[in-house]
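Q: Hey, I've just opened this one and I'm new to it. Can you walk me through what's there?

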Amino acid sequence: MTALASEARTLTRRRLRVRTALALEHGGALWLSGMGQEAARQAALGLIESGATALVSFGVAGGLAPGLRSGTLICPSCVLDERSHDYQPDPVWRASIIRRLATTQLPRADEGTLLSLPMPLLSVAEKGAMRERHQALAVDMESAAIAAVAGEYRIPFVVLRAIVDERDDNLPLELQAGIDAWGRPRLARLLVILLRHPHLLAELPGLVARMGKATRSLRLAADAAGLELGRNVPQPC
């Protein structure tokens with residue numbers, strides 16, 4: 001599953017539908033959930049109801065480790081939630097993905113923990129505090145919820161994410177109101193925000209460039225691993 005429309009576009013050219021299983025061209029299914037833990041949980045349950053026997057958390061993440069650059073792929077060995085509960089991705093499946101990605105020139109961080117929180121970390125100070133507390137490589141908002149559902153139903157899961165914002169990047173809080181739950185711009189609202197905060201115009205090229213690096217890595221990773229993402233038989237994403 002993916003949370004954002006831009007993430008989903010790395011997997012399919014078909015018309016996107018939200019909160020419903022969309023068959024992929026070469027097997028598996030995609031669920032565009034929207035951001036956050038509850039949306040991710042409902043997506044995982046929806047995929048299982050649609051016949052999924054494995055789950056993938058696929059998309060972007062924020063960097064917490066120093067030096068982890070935009071576009072770097074992570075396939076974490078552990079997912080940690082806000083209560084410090086840890087979830088272990090399927091080790092055989094994960095190893096298969098890493099082997100396939102090793103045939104590419106894409107930047108990777110193959111070992112480490114992904115922290116999954118209810119709210120985004122927008123400031124350098126927040127990222128630094130979470131890095132010090134959990135020693136995680138990166139942070140997202142969906143993977144722990146997906147992992148929890150996989151555990152409830154005793155099915156395998158993996159996570160494949162690309163870094164978008166780096167450890168030293170501040171994300172403007174004001175711009176969050178200019179996008180919807182699927183990361184799509186609300187043009188009228190975004191225009192009002194930019195008129196009220198014209199200094200944010202200078203932030204947009206960098207934000208767009210970092211997302212471009214992340215989605216390019218996701219697209220190339222999907223090409224290298226296959227839409228089944230390294231499994232022997234096609235499985236839902």
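A: Sure, we'll go through the sheet, the helices, the salt bridges and the cysteines. Keep in mind that this is a predicted model.

Q: Okay, the sheet. How many strands form it, and in what order?
A: Eight strands form an open sheet, in the order β6-β5-β8-β9-β3-β10-β4-β7. The pairing in that sheet is mixed.

Q: Which strands are at the edges?
A: Those are β6 (86–87) and β7, and each of them pairs on one side only.

Q: Let's pick β3. What does β3 pair with, starting with β10: parallel or antiparallel?
A: β3 and β10 run parallel, and seven bridges join them. If you want a spot to look at, F58 has L160 in β10 as its bridge partner.

Q: And β9, which way does that run against β3, parallel or antiparallel?
A: Antiparallel, with two bridges joining β3 to β9 (residues 138–140). There you'll find G62 standing opposite V139 in β9.

Q: Is β3 covered or exposed, then?
A: Mostly covered: β3 spans residues 55–63, and nine of its nine residues are buried.

Q: Over to β4. How many bridges join β4 to β7?
A: Two, and the strands run parallel; β4 is residues 73–74. L73 has R108 in β7 as its bridge partner.

Q: Now the helices. Which strands does α3 lie across?
A: α3 lies across β3, β4, β7 and β10, at about 35° to β10. As for α7, that helix lies across β3, β4 and β10, running at about 140° to β10.

Q: What about α6, which residues are buried there?
A: L190, I193 and L194 are buried in α6. They cover an arc of only 95° around the axis, so they sit on the same side of α6.

Q: What do those buried residues pack against?
A: The buried residues of α6 pack against α7.

Q: And which residues are exposed on the other side of α6?
A: That's A188, L191, L195 and R196.

Q: Switching topic: how many salt bridges does a search of the whole structure find?
A: It finds 11. One of the pairs is E111 with R94, where the closest N and O atoms are 3.5 Å apart. E111 lies in the loop between β7 (108–109) and β8 (113–116) while R94 is in helix α3 (residues 91–101), so this pair ties together parts that are 17 residues apart in sequence.

Q: Is E111 buried or exposed?
A: Exposed, at 55% relative accessibility. Its partner R94 is buried, with a relative accessible area of 10%.

Q: Got another pair? Where do R210 and D169 sit?
A: R210 and D169 form a salt bridge too, with the closest N and O atoms 3.4 Å apart. R210 is in helix α7 (residues 204–225) and D169 is in the loop between β10 (157–163) and α6 (187–196), so the pair links distant parts of the chain, 41 residues apart.

Q: Are those two buried or exposed?
A: R210 counts as buried at 17% relative accessibility, and D169 is buried as well, at 15%.

Q: You mentioned R108 as the partner of L73. What does the side chain of R108 meet in a salt bridge?
A: The side chain of D110, at 2.8 Å from N to O. R108 is partly exposed at 31% relative accessibility, and D110 is partly exposed too, with a relative accessible area of 23%.

Q: Which residues are linked in a network of salt bridges?
A: D81, E82 and R83 are linked that way.

Q: Last thing, cysteines. How many disulfides does the search find?
A: Zero, in the whole structure.

Q: Why is there no bond between C78 and C75?
A: The closest cysteine sulfur to that of C78 is in C75, but it is 13 Å away, so that's too far for a bond. To count as a disulfide, the two sulfur atoms would have to be within 2.5 Å.

Q: Are C75 and C78 buried or exposed?
A: C75 is buried, with a relative accessible area of 3%. C78 counts as buried too, at 12% relative accessibility.

Conventions. Residues are numbered from 1 along each chain as its sequence is written. This is a predicted model: local features need pLDDT of at least 70, side-chain atom pairs count only at pLDDT 80 or more; totals for chains, interfaces and linings use all residues. Side-chain values use heavy atoms; hydrogens and water are left out. A salt bridge is a side-chain nitrogen of Lys or Arg within 4 Å of a carboxyl oxygen of Asp or Glu. Helices (H or I, at least four residues) and strands (E, at least two) are DSSP runs, numbered from the N terminus. Buried means under 20% relative accessible area, exposed over 50%, partly exposed in between (1.4 Å probe, protein chains only). The arc is that of the directions from the helix axis to the C-beta atoms. Contact means heavy atoms within 4.5 Å. Two strands pair if DSSP finds at least two bridges between them. Axes are lines fitted to C-alpha atoms, for helices over the stretch in contact, and angles run from 0 to 180 degrees between N-to-C directions.
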